[in-house]
There are 2 protein chains.
Amino acid sequence: MDELQRTLQEVSESLEQKMDKLLPSDEDDNYGNTVIAFRPLNDNMPDKPSPVGGEDTLIKAMRYSSLSGGKRLRPFLTVMCAKLFGVSREASLCAAAAIEFIHTYSLIHDDLPAMDDDAMRRGKPSCHIVFGEAAAILAGDALLTFAFQVLADERVHPDPAVRCELIRTLSMASGYRGMAGGQMMDLEAEKKQLSIDEIIRLQRLKTGELFAMSCEAGAILGKAPRPLRSALRGYAHDIGLAFQITDDLLDAEGTRSAVGKEVKKDKQAGKATLISVLGIERAREQARILANQAIGHLDVFDRKADQLRALAEFVIARKS
Amino acid sequence: MDELQRTLQEVSESLEQKMDKLLPSDEDDNYGNTVIAFRPLNDNMPDKPSPVGGEDTLIKAMRYSSLSGGKRLRPFLTVMCAKLFGVSREASLCAAAAIEFIHTYSLIHDDLPAMDDDAMRRGKPSCHIVFGEAAAILAGDALLTFAFQVLADERVHPDPAVRCELIRTLSMASGYRGMAGGQMMDLEAEKKQLSIDEIIRLQRLKTGELFAMSCEAGAILGKAPRPLRSALRGYAHDIGLAFQITDDLLDAEGTRSAVGKEVKKDKQAGKATLISVLGIERAREQARILANQAIGHLDVFDRKADQLRALAEFVIARKS
């Protein structure tokens, strides 16, 4: 467990640095679009930069929500899966940053008053609390857009076919039949009773697909054969669901200070979760079964996958 | 002018069909991700699809806002610019649809209560009025995401390097130093006096960059030489600004039924526009100068660019 903690910490720090470097700032922009000189009304007027307030706010909001620690599980999956196929840390961190920008945008929008209405996130005030609702909507939009800019850039991989496959897979995992679809289901779930099957399907879309994409990204970067990519998908879906059940257990049993956000919200909202259907004990047991199943998917890999095996244990044992 | 109207109508109809076909529906999904079979809790349970409410709402909202007519100027630019380089209509319509999905998402989010708070759009109730705020936020997110899925697909172009360049350019044009940045400036502009330079810069980001991208997309698909791509960028920026000035003139002078949305909102909001700074007459004159300048950029093209020349005239003459 100690080695996993060290690696989690190390990847989390490298990722934070990578995101910091990729994201625009007041002084710099890694993608060559520093303050754009406006086109004057007619060609006889000189071209000159003329910054207006607004961009700064947007960039500050993007940075505030992105660079705020967090568990960084998805980036860890990308980096560790990429390592199985000998991909450079530099490349896998770029792809991981793109996925984390998507995850971050979804948190920003999810916290909005019209959505889950959460005032706290990762132990800090939510984006819209600090910057206002409009800025939070736009910062989410801009991060979502930026994720694809990062993946389209050759720093991720010299082969454009690989970059296109990353983009295609990420857009599917986060779109209407992925994360966004799952969030919509989740909102409608508050109004009705869901069966176990329906809750699993909801979770699979809401969090499972992006977990799967995080693992697949490593396989795509390493041009891995299909069966290995599928094994990682299976692993990801199992730990994704185990992660979600643990989240619900923490929500049901945890305290605000330990978890870093509001807890017991699900019960207040009358939301169906696997816990409300299975009860706490059977849900915990189910998380255990899923962790074992996840580890089973890794049988095709040798000792190189040990950290991924350890992660499956960690996901159900975590306290926040 | 008659020929332009016919072509505008024809492109608008082909685009509507293309978007209809690309967008998911209840029965079909052009990207192979029909209702995903959920992974059961353990591998001994059978895999079976189990749809939950929510996806349907999201897909309905995406379709409602996308398939609602509109001027479709950006798609027209893409199709006409692509035609200059002999690109197939099929390919240019795919790219045009992606750009229009981005434009549509920005309208959905812009109409939200926390943003411009508009209850009407293109003569119909806005997305959040029909589907609720949460669904509108997610439908915008899903359309933004979907645009990149469309561009990553080989139906757009067999060469993945071309697809990556489309994605890179579109994400830059619509992100923090493009459309999203411009929208943020626009929101902050309500609180202060802007100079002419600042208003132009704001408009350039808010609408100009996506106009430019719409033209560049044609050049990228046709692997056009840099100078021709730059000429189209110059053209696009000039008609983009001329378009915006005309929009502001319509807002200042038009009636709700003719324009199809609420008018005189800018004055009510005390927002600085080129009209509030220049006055109506000088603004109209400026639109004229920009249209001429736009046509000048097309000198490198022969008669094939005549429809683009006619468009520059149309943009400042339109009544809605």
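**A tour of a charged patch and aromatic pairs**

Begin by selecting Asp117(A), which sits in the loop between helix H4 (89-110) and strand E3 (120-121) of chain A; helices (H or I, at least four residues) and strands (E, at least two) are DSSP runs, numbered from the N terminus. The model is predicted, and local features need pLDDT of at least 70, while side-chain atom pairs count only at pLDDT 80 or more. Residues are numbered from 1 along each chain as its sequence is written, and side-chain values use heavy atoms.

Asp117(A) has a relative accessible area of 45% and is therefore partly exposed (buried means under 20%, exposed over 50%, partly exposed in between, with a 1.4 Å probe and protein chains only). Add Glu133(A), Asp117(B) and Glu133(B): with Asp117(A) they gather in a patch of negative charge on the surface (residues with over 30% relative accessible area and no salt bridge, like charges being joined within 9 Å; a salt bridge is a side-chain nitrogen of Lys or Arg within 4 Å of a carboxyl oxygen of Asp or Glu).

Turn next to the aromatic pairs, of which the structure holds 11 over all chains (ring centres within 6.5 Å; planes under 30 degrees apart are stacked, over 60 edge-to-face, the rest tilted). Select Phe85(A) and Phe301(A): their ring centres are 6.1 Å apart and their planes at 75°, so the pair is edge-to-face. Phe85(A) lies in the loop between helix H3 (73-84) and H4 of chain A and Phe301(A) in the loop between helix H14 (280-297) and helix H15 (306-317) of chain A, so the pair ties together parts that are 216 residues apart in sequence.

Then select Phe148(A) and Phe148(B), a stacked pair with 4.6 Å centre to centre and 15° between the planes. Both residues are buried.

How values were computed:
Chains lettered and ligands numbered in written order. Patch = residues over 30% accessible without salt bridge, like charges linked within 9 Å, V, L, I, M, F, W, Y side chains within 5 Å. Areas by Shrake-Rupley, 256 points an atom, 1.4 Å probe, with all protein chains shown as cover. Lys, Arg positive; Asp, Glu negative; His and termini not counted. Charge placed at Lys NZ, Arg CZ, Asp CG, Glu CD. Phe/Tyr/Trp six-rings, centres within 6.5 Å; stacked < 30°, edge-to-face > 60°.
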